[in-house]
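Visitor: Please walk me through this one at an easy pace. I'd like to see what we're dealing with before I start asking.

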Amino acid sequence: CGRPGHALLSLSPHPTADIISTVEFNHTGELLATGDKGGRVVIFQREPESKTAPHSQGEYDVYSTFQSHEPEFDYLKSLEIEEKINKIKWLPQQNAAHSLLSTNDKTIKLWKITERDKRPEGYNLKDEEGKLKDLSTVTSLQVPVLKPMDLMVEVSPRRVFANGHTYHINSISVNSDCETYMSADDLRINLWHLAITDRSFNIVDIKPANMEDLTEVITASEFHPHHCNLFVYSSSKGSLRLCDMRAAALCDKHSKLFEEPEDPSNRSFFSEIISSVSDVKFSHSGRYMLTRDYLTVKVWDLNMEARPIETYQVHDYLRSKLCSLYENDCIFDKFECAWNGSDSVIMTGAYNNFFRMFDRNTKRDVTLEASRESSKPRAVLKPRRVCVGGKRRRDDISVDSLDFTKKILHTAWHPAENIIAIAATNNLYIFQDKVNSDMH
C-alpha cells in the first residue's frame, strides 16, 4: 500500500454547509469534484509537472466552484428538500468541455465546464463595452480578432432532470453507451436519456402494493463499465441483484442474485442492520463487484452468486460496541468503497478519520489516518493500529478512545495512478504514493 505523501485542502469555514458529501475523479484523473451539504460543487485540477518543482505534479488546486443546488420546499408534502449534493458523476469527455451530473435528494442537473482564454475585439456594430454604435459613424468594415485574456472557467447548467423520484435519490450512474444514465431512490430505479429531461423510464420498482409489506430498500446501484445492458443494485438486506435490460423493459426479475447465507451462530439483534450494503462498485475490468456493509468489504465474482470470493474485516473490533453505536445512530452510517486502477487494492473508510486499504494479491492490509497533525506536504503516513485488549504497543489507539464523530464516509481513487482523495468532514485530503509507482 506504499507510503503516500499528501496534501490537505480545507474547503471552507462554515462547518455544517461545508461537510463534504461526495468525491469523484473524472475519467482521466486530471479533475476531482467534491459536493457538500451546502449544495456547492468544488472542482480541483491537477497541476502539470514543472522542471523547477518536479514534486508539484499530483497537487490539486481549486479550478472552479459553483452552486449546484438550492434548498427547496415541496408544498404538496410540506417537506423541505435539502440542497446537499448526494452524488456527482462525470460524463466521458467528448470535446474540450467537461460535463458532470450532480444530484440532491430529488433533482439531477447536468453541468458543462468550459475554458475561455481569448476574447473577440473589433466588432463593426458594437463598441468595446458591447453597446451598439451609431450606424452613421460606421464607414469601414473591420475583421474582428481574438485577443488573449486571463483564463476564465465557465460553468453552465445544460439540463435539469426533475420530478422523476418520489423518494430520496441515493445514486446515479452513467451508462457505457454515453447516452443514458440511471438514478436510484429507496424503491425505484429510473433510466434517463441525457438529452431528454421531461421523462424517464422506470426500470426497477420494488414498492409493494401495501407499504406495510415493505421489507427492504435499494441502497445503491451502478451500470456495468462495459456492457450497457447490465446494472447492479444493492439492498438493505445485504443482497445484490444483477439485471439485464435486454430481458424485459421492467427489470423486477433479476438475472442473478448475489447473497451470502447468514451464519446462525453470529445472529443478533443488529444482524440485519450491519448486513445492509451501503455501496457497490464494479471493478474496472467488469469481472468483479465490491460491496461495503457496516463491518466488512466483500469482493464478488460475477460468475459466482453463492458467496463472495473475498471478505475483509474493516473494523471487527466494533462488534462488541454495536449497542452503543446503535444508540448514537452511527450503525446507520453509509461508508463507500473504491478500487484502485488495476483492481488489485481496495479502499474504504472507518472511524477516527481512519481509512483502510486491502491488497488482494498479498492479503496485506493497512490502517492510515487522515489528520491535520500529519498534513505537511510530502509527509509519510504511519500505519495505525487499534487495540482491544489490555496490552498496548506504543502509538496504538484503544478502541474505547476512538472518535466516532470523525468518519471517512467518502473516498475516491485516481483511475490510473496511486492518488486517492479522502473526505474527512469539511476537509479534503489528497494522498499520493511517491515511493511505489506500481499499483499495490
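Guide: Two strands count as paired if DSSP finds at least two bridges between them; strands (E, at least two residues) and helices (H or I, at least four) are DSSP runs numbered from the N terminus. This is a predicted model, where local features need pLDDT of at least 70 and side-chain atom pairs pLDDT 80 or more, while totals for chains, interfaces and linings use all residues. Residues are numbered from 1 along each chain as its sequence is written, and side-chain values use heavy atoms, without hydrogens and water.

Visitor: How many helices and strands does the protein have?
Guide: Strands are what you'll be looking at for most of this tour. The secondary structure comes to two helices and 32 strands.

Visitor: Why does the protein count as compact as a globular protein of its length?
Guide: The yardstick is the globule rule, 2.2 Å times the number of residues to the power 0.38, set against a radius of gyration taken over C-alpha atoms. For 440 residues the rule gives 22 Å, so the protein is as compact as a globular protein of that length, its radius of gyration being close to that value at 24 Å.

Visitor: What box do the C-alpha atoms fill?
Guide: Take the principal axes as your frame. Along them, the C-alpha atoms fill a box of roughly 95 × 60 × 40 Å.

Visitor: What share of the residues is buried?
Guide: Buried means under 20% relative accessible area, exposed means over 50%, and partly exposed is in between (1.4 Å probe, protein chains only). Of the 440 residues in the protein, the buried share is 49%.

Visitor: Which strand pairs with E13 over four bridges?
Guide: E13 covers residues 180-184, and its partner here runs antiparallel to it. In that pairing, Ser 183 of E13 stands opposite Ile 172. The partner covers residues 171-174, and that's strand E12.

Visitor: Which residue in the turn between E12 and E13 has a positive phi?
Guide: The two strands form a hairpin, with five residues between them. Phi is about 60° at one residue in that turn, and its name is Cys 178.

Visitor: And on the other side, which residue in E14 is the bridge partner of Thr 180?
Guide: E14 (residues 188-193) and E13 run antiparallel, joined by five bridges. A hairpin of three residues links E13 to E14. The bridge partner of Thr 180 is His 193.

Visitor: Are the faces of E13 covered or open, and which residues line them?
Guide: E13 is largely enclosed by the rest of the structure, because five of its five residues are buried. Both faces are covered. One side has Thr 180, Met 182 and Ala 184, and the other has Tyr 181 and Ser 183.

Visitor: Which residues point each way from E25?
Guide: E25 (residues 345-349) is mostly covered too, with five of its five residues buried. Val 345, Met 347 and Gly 349 point one way, and the other way point Ile 346 and Thr 348.

Visitor: In E25, which residue is the bridge partner of Ala 338?
Guide: E24 (residues 337-339) runs antiparallel to E25, and three bridges join the two. Their hairpin has five residues between the strands, with Asp 343 at a positive phi near 65°. The partner of Ala 338 is Met 347.

Visitor: In E26, which residue is the bridge partner of Gly 349?
Guide: E25 and E26 run antiparallel, with five bridges between them. The partner of Gly 349 is Phe 355.

Visitor: Is Met 357 buried or exposed, and what is its relative accessible area?
Guide: Met 357 is found in strand E26, residues 354-359. Along the chain it is 328 residues from Gly 29, and their C-alpha atoms are separated by 20 Å. Met 357 counts as buried because its relative accessible area is 4%.

Visitor: What is the relative accessibility of Asn 352?
Guide: Most residues other than glycine have a negative phi. Asn 352, in the loop between E25 and E26, has a positive one, near 65°. Asn 352 counts as buried because its relative accessibility is 9%.

Visitor: And what is the relative accessibility of Asp 329?
Guide: Asp 329 isn't a glycine either, and its phi is positive at about 70°. It sits in the loop between helix H2 (322-327) and E24. Asp 329 counts as partly exposed because its relative accessibility is 47%.
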